[in-house]
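Here are my notes on this one, as numbered points. Have the model open while you read.

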Amino acid sequence: MTFERGMNMGKDEVRAGLKELISEVMPELDDIDMDKDIVSEYGVNSISIIRLIVSAEKKFDISFTDYELSLAEYPTFNDLATVIISKLDKN
């Protein structure tokens, strides 16, 4: 799934794209529930979330600030999807 800059995507499309990225960046995670806590449920750490965010920046053609790279900002993968949607809406 590829995305073009300025493309108006819905939440479901962003979530699907993010799920693809999760499986690429964190292949050890199976059957992702986007609403579960990513630290306690999946053991995601700071390095993993930064790798995922960098991949999301490339895939969705968006940018995150240094402050947005914190694991604490994203209790669930849906929280990350919400930020991606917000950034896409601003473009």
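Is Glu-28 buried or exposed? Glu-28 is exposed, with a relative accessible area of 57%. Keep in mind throughout that this is a predicted model.

1. Start with where Glu-28 sits. Its place is in the loop between helix 1 and helix 2. If you want a long ruler across the model, try Glu-28 to Lys-87: the C-alpha atoms are separated by 28 Å, and the two residues are 59 apart along the chain.

2. The loop between helix 1 and helix 2 also holds Asp-31, and the backbone there deserves a look. Asp-31 has a positive phi of about 45 degrees, although it is not a glycine. With a relative accessibility of 73%, Asp-31 counts as exposed.

3. There is another Asp to check in the same way. Asp-61, in the loop between helix 2 and helix 3, is not a glycine either, yet has a positive phi of about 55 degrees. Its relative accessible area is 34%, so Asp-61 is partly exposed.

4. On to the packing, beginning with helix 1 (residues 11–25) and helix 3 (residues 77–90). Their axes come within 9 Å and cross at roughly 120 degrees, and the two helices are therefore oblique to each other. The crossing of helix 1 past helix 3 is right-handed. On the helix 1 side, the contact uses Lys-11, Val-14, Arg-15, Leu-18 and Ile-22; helix 3 brings Phe-77, Asn-78, Leu-80, Ala-81, Thr-82, Ile-84, Ile-85 and Leu-88. By class, that contact divides into nine nonpolar, two polar and two charged residues.

5. Next, helix 1 against helix 2. These pack at an angle of about 130 degrees, with axes 10 Å apart, which makes helix 1 oblique to helix 2. This crossing is right-handed. Helix 1 contributes Val-14, Gly-17, Leu-18, Glu-20, Leu-21, Ile-22 and Val-25, and they meet Ser-48, Arg-51, Leu-52, Ser-55, Ala-56, Lys-59 and Phe-60 of helix 2. The residues of this contact split into eight nonpolar, three polar and three charged.

6. One residue from that contact to pick out is Arg-51, in helix 2. Arg-51 has a relative accessible area of 44% and is therefore partly exposed. Its C-alpha atom is separated from that of Met-26 by 9.1 Å, with the two positions 25 residues apart along the chain numbering.

7. The remaining helix pair in these notes is helix 2 with helix 3. The packing angle is about 30 degrees and the axes are 12 Å apart; helix 2 passes helix 3 in a right-handed crossing. Ile-49, Leu-52, Ile-53, Ala-56 and Phe-60 in helix 2 face Phe-77, Leu-80, Ile-84 and Leu-88 in helix 3 as contact partners. What classes of residue make up this contact? Nine are nonpolar, with no polar and no charged residues.

8. Now the rings. The structure holds one aromatic pair, formed by Tyr-42 and Phe-77. The pair is tilted, at 6.0 Å centre to centre with 35 degrees between the planes. It links distant parts of the chain: Tyr-42 belongs to the loop between helix 1 and helix 2 (46–60), and Phe-77 to helix 3, 35 residues apart. Both Tyr-42 and Phe-77 are buried. Phe-77 also turns up in the helix 3 side of the contact with helix 1 and of the contact with helix 2.

9. Last, Tyr-74, which lies in the loop between helix 2 and helix 3. At 2% relative accessibility, Tyr-74 counts as buried. Which residues does Tyr-74 contact, leaving aside its neighbours within four places in sequence? They are Ile-38, Ile-49, Ile-53, Phe-64, Glu-68, Asp-79, Leu-80 and Val-83. For Ile-49 there is a distance to go with the contact: its C-alpha atom and that of Tyr-74 are separated by 8.7 Å, the residues being 25 apart along the chain. Two of these partners in helix 2, Ile-49 and Ile-53, also take part in the contact with helix 3, as does Leu-80 from the helix 3 side.

Terms used:
Residues numbered from 1 in each chain as written. Predicted model: local features only at pLDDT ≥ 70, side-chain atom pairs only at ≥ 80, totals over all residues. Heavy atoms only, no water. Axes fitted to C-alpha atoms, helices over the stretch in contact; angles between N-to-C directions. Helix = DSSP H or I, 4+ residues; strand = E, 2+ residues; numbered from the N terminus. Parallel < 35°, antiparallel > 145°, perpendicular 65-115°, else oblique. Left-handed = near helix turned anticlockwise from the far one by under 90°. Contact = heavy atoms within 4.5 Å. Nonpolar A, V, L, I, M, F, W, Y, C, P; charged D, E, K, R; others polar. Phe/Tyr/Trp six-rings, centres within 6.5 Å; stacked < 30°, edge-to-face > 60°. Buried < 20%, exposed > 50% of the residue type's maximum accessible area, 1.4 Å probe, protein only.
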